[in-house]
Amino acid sequence: METCIIKSPLGFTKIIGDSHGITSITILSSDEKVTDIIPVELEDCATQLYEYFEGTRKQFNLKLNPNGTNFQKNVWNELEQIPYGKSMSYLDLSKQLGDIKAIRAVANANGKNPLWIVIPCHRVIGSNGSLTGYAGGLHRKKWLLNHENPYKQLSLF
């Protein structure tokens, strides 16, 4: 596995992957040394993340290889269907997956998403429109939703 660290507007980001795809993108809680030379297998991911933060990329086109259960992968696949600038509730996500009673399991799988931003778990909010738990911190979730908001003069939260 190859690893690199890049700097984003939300902090230092660690990318892990190999020729089989990207397995992990995480926001770090501490300052880290930015990687001088990004491994070839991770270059496209780093470039696409930079483009996303610059506002020129709305959709990722990466080979992904996250580790998880079949259920988690089903949830993550469904998360990828949420369009840029849109959000949905955990309840709606559960309905789309075919089991309204699985809302807690869906929320748990959402929280275990190993591919920060690329699998857009930040686009899932509470049924009442509130910001709810986010592994990267609610301040980052708020930033990401505002970043994707087509009406930049308005704040969602």
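Visitor: How many salt bridges does a search of the whole structure find?
Guide: The model is a predicted one. Side chains of opposite charge can pair when their charged atoms come close. A search for such pairs across the whole structure gives a count of three.

Visitor: Which residue meets K33 in a salt bridge, and is that partner buried or exposed?
Guide: The side chain of K33 meets that of D36, with 3.2 Å from N to O. K33 is exposed. Its partner D36 is also exposed.

Visitor: How does E51 count, given its relative accessibility?
Guide: E51 forms a salt bridge with R57, and their closest N and O atoms are 2.7 Å apart. Buried would require under 20% relative accessible area and exposed over 50%. E51 has 23%, so it counts as partly exposed.

Visitor: How many residues apart in sequence are the parts tied together by E148 and R123?
Guide: The side chains of E148 and R123 meet in a salt bridge of 2.8 Å, N to O. E148 lies in helix α5 (residues 138–148), while R123 lies in the loop between α4 (103–111) and β5 (124–125), so the pair ties together parts whose separation in sequence is 25 residues.

Visitor: Are E148 and R123 buried or exposed?
Guide: These two side chains meet in a salt bridge. As for accessibility, E148 and R123 are both buried.

Visitor: What is the order of the strands in the open sheet?
Guide: Seven bridges join strand β1 (residues 2–8) to β2, and these two run antiparallel. Six bridges join β2 to strand β3 (residues 21–27), again antiparallel. The open sheet of three strands therefore has β1 and β3 at its edges, each with a single partner strand. The order is β1-β2-β3.

Visitor: How many residues lie between β2 and β3 in their hairpin?
Guide: The hairpin that joins β1 to β2 does so through two residues. β2 and β3 form a hairpin as well, and the number of residues between them is two.

Visitor: Which residue in β3 stands opposite T13?
Guide: T13 belongs to β2 and is the bridge partner of I6 there. On the β3 side, the residue opposite T13 is I27.

Visitor: What is the bridge partner of I15 in β3?
Guide: β2 and β3 are joined by six bridges. One of the pairings in β3 involves I15, whose partner is I25.

Visitor: Why is strand β2 largely enclosed by the rest of the structure?
Guide: β2 covers residues 11–18, eight in number. β3 is mostly covered too, with six of its seven residues buried. β2 is largely enclosed because its buried residues number seven of the eight.

Visitor: Which residue in β2 stands opposite K7, and which helix packs on the sheet?
Guide: The residue opposite K7 in β2 is F12. The helix touches β1, β2 and β3, and its direction makes about 15° with that of β1. This helix, residues 40–54, is α1.

Visitor: At roughly what angle do the axes of α2 and α4 cross?
Guide: Two packed helices are described by the angle between their axes and the distance between the axes. The axes of helix α2 (residues 70–79) and α4 come within 9 Å. The two helices are therefore roughly perpendicular to each other. Their axes cross at roughly 80°.

Visitor: How many charged residues are in the contact of α2 with α4?
Guide: F71, Q72, V75, W76 and L79 in α2 meet A105, V106, A109 and N110 in α4. By class, this contact has seven nonpolar and two polar residues, and the number of charged ones is none: no charged residues.

Visitor: How far from G126 is S89 in space, C-alpha to C-alpha?
Guide: G126 sits in the loop between β5 and α5. With a relative accessible area of 10%, G126 is buried. Leaving out residues up to four places away in sequence, G126 touches S89 and T132. G126 and S89 are 37 residues apart in sequence, yet their C-alpha distance is 5.2 Å.

Definitions and conventions. Residues numbered from 1 in each chain as written. Predicted model: local features only at pLDDT ≥ 70, side-chain atom pairs only at ≥ 80, totals over all residues. Heavy atoms only, no water. Buried < 20%, exposed > 50% of the residue type's maximum accessible area, 1.4 Å probe, protein only. Helix = DSSP H or I, 4+ residues; strand = E, 2+ residues; numbered from the N terminus. Pairing = 2+ DSSP bridges. Salt bridge = Lys/Arg side-chain N within 4 Å of Asp/Glu carboxyl O. Axes fitted to C-alpha atoms, helices over the stretch in contact; angles between N-to-C directions. Parallel < 35°, antiparallel > 145°, perpendicular 65-115°, else oblique. Contact = heavy atoms within 4.5 Å. Nonpolar A, V, L, I, M, F, W, Y, C, P; charged D, E, K, R; others polar.
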